[in-house]
Amino acid sequence: MVIQVTHTSVLQLTPPNIQQAQTPDMDLNSGRILGPWILILILSFATKRSSSSRYHGDLLSFPPPLPILPIPSAPQVRWQRGEMAMFLHFGMNTFTDSEWGTGQADPWLFNPTESLDARQWASVAKEAGFSHIILTAKHHDGFCLWPSAYTNYSVSNSPWKNGTGDIVQDVAEAAREVGIGLGLYLSPWDRHESSYGQTLVYNEHYLAQLRELLTNYGTIEEVWLDGAKGNDAKSMDYYFDEWFSVIRQLQPGAVIFSDAGPDARWVGDEGGVSGSTCWSMFNSSDVTIGDTVEQYSRQGDPYGTNWVPPECDVSIRSGWFWHKNEHPKTLNSLLEIFYESVGRNCMLLLNVPPNNTGLLADEDVHVLRQFKDILTSIFSINLAGTAVVTASSVRGSSSQFGPSQIFSDDVFTYWAPEEGQTTWYLLIDLRDVVSFNVLCIKEAIQLGQRVSQYHLDILKDGSWHTVVNGTTIGYKRLERFELTRSQFLKLTIDQARVEPLIAYFGLYIDNVSVIHANDSDGRISSSGSTLVPDKLNSLDVKIQSVSGNMSKIVS
């Protein structure tokens with residue numbers, strides 16, 4: 001009789017199948033031919049032996065493994081599971097055809113007419129799959145999109161709605177109505193405010209405006225700050241620690257973004273691309289807001305003591321504010337950005353600027369709908385979702401941590417191997433030969449980021465062939481490769497900080513990206529857009545933390 005491990009991780013006895021008995025077998029490590037179900041039999045007994053080495057007493061349920069620090073807060077987990085947010089750059093610059101306004105433009109120029117529709121902004125974001133929107137409540141020019149009591153440079157002094165309008169309020173109500181979150185950007189640099197440059201006075205002014213935003217518009221999911229300022233900016237210090245403390249007090253569930261966190265960090269550029277190795281760990285104390293080390297921000301720090309995952313900000317157009325002579329990126333470009341941001345353990349923050357009528361431009365909306373459609377077409381069906389899977393070991397022989405958990409797409413359910421093992425792998429039988437060219441893996445990040453190297457093999461012509469060599473996984477890792485056909489796969493975790501916890505495994509077909517099989521450098525081309533990825537079988541850089549000093553990056 002043959003012991004078969006099914007998708008539900010329950011051992012079942014099935015009568016021997018004559019055809020299966022005649023199928024060639026293979027040795028797991030040597031590649032020597034053995035039968036597929038013999039593989040599962042061997043792994044099943046190996047799992048049973050390794051998990052029986054610990055005496056569990058009379059426990060009704062085996063406890064989860066200990067986390068490995070640092071770990072994310074509940075708001076950080078919620079934020080990362082959202083995957084994409086929409087940035088809305090709108091303000092005086094929209095009407096002066098500027099990117100960085102001077103702060104001297106007449107408020108009377110701000111007049112989007114009655115066609116401004118914040119609900120359109122929020123509805124498009126919701127339909128395109130964004131979890132929340134972030135509005136530039138005040139950009140560097142200092143013009144406020146709400147009637148602040150601390151300045152006369154706001155919508156109150158514009159002709160829009162005769163000075164009675166409040167765009168922040170309109171956006172907040174629209175976000176609640178369609179069911180997405182709200183974030184706000186309040187620029188520290190203010191080119192209009194006369195107190196800018198007087199450290200104490202301006203910090204009090206900034207905090208007063210921050211309090212207005214955080215107490216009058218409901219729940220705020222993300223507060224976005226940066227250190228951007230021009231060379232002509234007056235010298236002064238920002239009291240970031242005080243600002244962060246007030247945000248925690250008034251909006252304890254908000255994720256705070258800056259170059260150094262504390263909750264989300266800048267990825268280091270405005271191209272929407274993360275490093276192919278990307279850790280959520282980071283040393284915030286080593287980073288000065290406004291003066292980032294790009295490579296450190298892109299890749300994080302495996303020795304970091306803070307959990308600060310990266311956010312990749314990029315605009316759908318070449319500029320951040322709307323300009324009539326600019327056009328949106330192509331669908332293929334957005335797809336590349338998605339793979340290299342969300343697919344590399346990051347949040348994608350895509351800017352879609354409303355135009356001077358107060359609406360998202362039709363051509364931008366069209367591309368966003370195409371983007372949503374192509375993501376749905378690629379990722380709606382997991383081709384491995386009905387597979388039979390077995391593991392090198394299972395924590396406590398408990399179905400709670402069994403390998404079938406990897407198909408639930410929930411970070412709170414996961415495969416956990418037995419403690420004390422040095423070999424970690426999953427053997428997957430897709431039940432039939434399947435074609436695929438995209439791999440998706442997720443870790444149970446609530447218990448820490450663990451994996452530093454992995455690879456995926458397929459069974460082809462009686463031996464294992466590697467199709468992916470990867471480094472970090474984190475919340476989500478997407479890998480593309482040339483179209484592959486196989487029934488049997490093996491996911492091996494080669495290196496990890498501690499026992500890996502795999503929350504999801506998925507296989508998909510992407511018919512848009514085209515992989516050139518003959519390119520020796522692994523070039524990936526997406527309908528004319530070409531990307532040369534880093535080699536994935538080694539870490540991009542070695543990051544060493546030096547106590548009390550900046551984490552150093554050495555080749």
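## A loop residue with positive phi

N345 sits in the loop that runs between α10 and β12 (347-351), in what is a predicted model. Although N345 is not a glycine, its phi is positive, at about 75 degrees. N345 is also buried, since its relative accessible area is 0%.

The helix on one side of this loop, α10, covers residues 331-341, and because nine of its eleven residues are buried, α10 is largely enclosed by the rest of the structure. The buried positions of α10 are N332, L334, L335, E336, I337, F338, Y339, E340 and S341, a list that includes the charged side chains of E336 and E340.

A second non-glycine residue with positive phi is D461, for which the angle is about 55 degrees. D461 belongs to the loop between β15 (451-460) and β16 (463-470). Buried or exposed, how does D461 count? With a relative accessibility of 74%, D461 counts as exposed, whereas N345 is buried.

## The chain as a whole

The chain contains eleven helices and 23 strands, and of its 555 residues 59% are buried. Among contacts with a separation of 6 or more, 74% are between residues 24 or more positions apart. The exposed area of the chain comes to about 22600 Å², of which 50% is supplied by carbon and sulfur atoms.

## Nonpolar cores

The largest nonpolar core is made up of 88 residues, and M86, W121, I133 and I167 are those with the most contacts inside it. Leaving aside residues up to four places away in sequence, I167 touches F90, F110, L116, W121, L135, L145, V155 and W160; W121 is thus both a contact of I167 and, like I167, one of the residues with the most contacts inside this core. Another core lies apart from it and has 37 residues, including V394, L430, L439 and L491.

## Helix α5 and its packing against α11

Helix α5 is mostly covered, with seven of its ten residues buried. These are A118, Q120, W121, A122, S123, V124 and A125, and they pack against β3, β4 (132-138), α6 (167-178) and α11. W121, which is named among the residues with the most contacts inside the largest nonpolar core, is therefore one of the buried residues of α5.

How are α5 (residues 118-127) and α11 (residues 362-379) arranged where they pack, in terms of angle and axes? The two helices meet at an angle of about 25 degrees, and their axes are 9 Å apart. Since angles under 35 degrees count as roughly parallel, α5 and α11 are roughly parallel to each other. On the α5 side the contact is made by Q120, V124 and E127, and on the α11 side by V365, L368, R369 and K372. By character, the residues of this contact divide into three nonpolar, one polar and three charged. Q120 and V124 take part in the contact and are also listed among the buried residues of α5.

## Surroundings of G91

G91 is placed in the loop between β3 (84-88) and α4 (92-96), and its relative accessibility of 6% means that G91 counts as buried. Which residues does G91 touch, not counting those up to four places away in sequence? They are F110, L145 and F321; of these, F110 and L145 are also touched by I167. G91 and F143 are separated by 52 residues in sequence, yet their C-alpha atoms are 7.0 Å apart in space.

## Prolines in loops

Two peptide bonds leading into prolines are cis. One runs from L69 to P70, with omega near -5 degrees, and P70 is located in the loop between α2 (36-51) and α3 (74-82). The other joins G261 and P262, where omega is about 25 degrees, and P262 has its place in the loop between β7 (255-258) and β8 (264-266).

A further proline, P252, is found in the loop between α8 (240-250) and β7. Its relative accessibility is 58%, so P252 counts as exposed. Even so, P252 touches P75 and I247, when residues up to four places away in sequence are not counted. From C-alpha to C-alpha, P252 and I220 are 9.2 Å apart in space, with their positions 32 residues apart in sequence.

Methods: Residues are numbered from 1 along each chain as its sequence is written. This is a predicted model: local features need pLDDT of at least 70, side-chain atom pairs count only at pLDDT 80 or more; totals for chains, interfaces and linings use all residues. Side-chain values use heavy atoms; hydrogens and water are left out. Axes are lines fitted to C-alpha atoms, for helices over the stretch in contact, and angles run from 0 to 180 degrees between N-to-C directions. Helices (H or I, at least four residues) and strands (E, at least two) are DSSP runs, numbered from the N terminus. Angles under 35 degrees count as roughly parallel, over 145 as roughly antiparallel, 65 to 115 as roughly perpendicular and the rest as oblique. Contact means heavy atoms within 4.5 Å. Buried means under 20% relative accessible area, exposed over 50%, partly exposed in between (1.4 Å probe, protein chains only). Accessible areas come from the Shrake-Rupley method with a 1.4 Å probe; for residues, only the protein chains shown count as cover. A nonpolar core is a set of buried Ala, Val, Leu, Ile, Met, Phe, Trp, Tyr and Cys residues joined through side-chain atoms within 4.5 Å.
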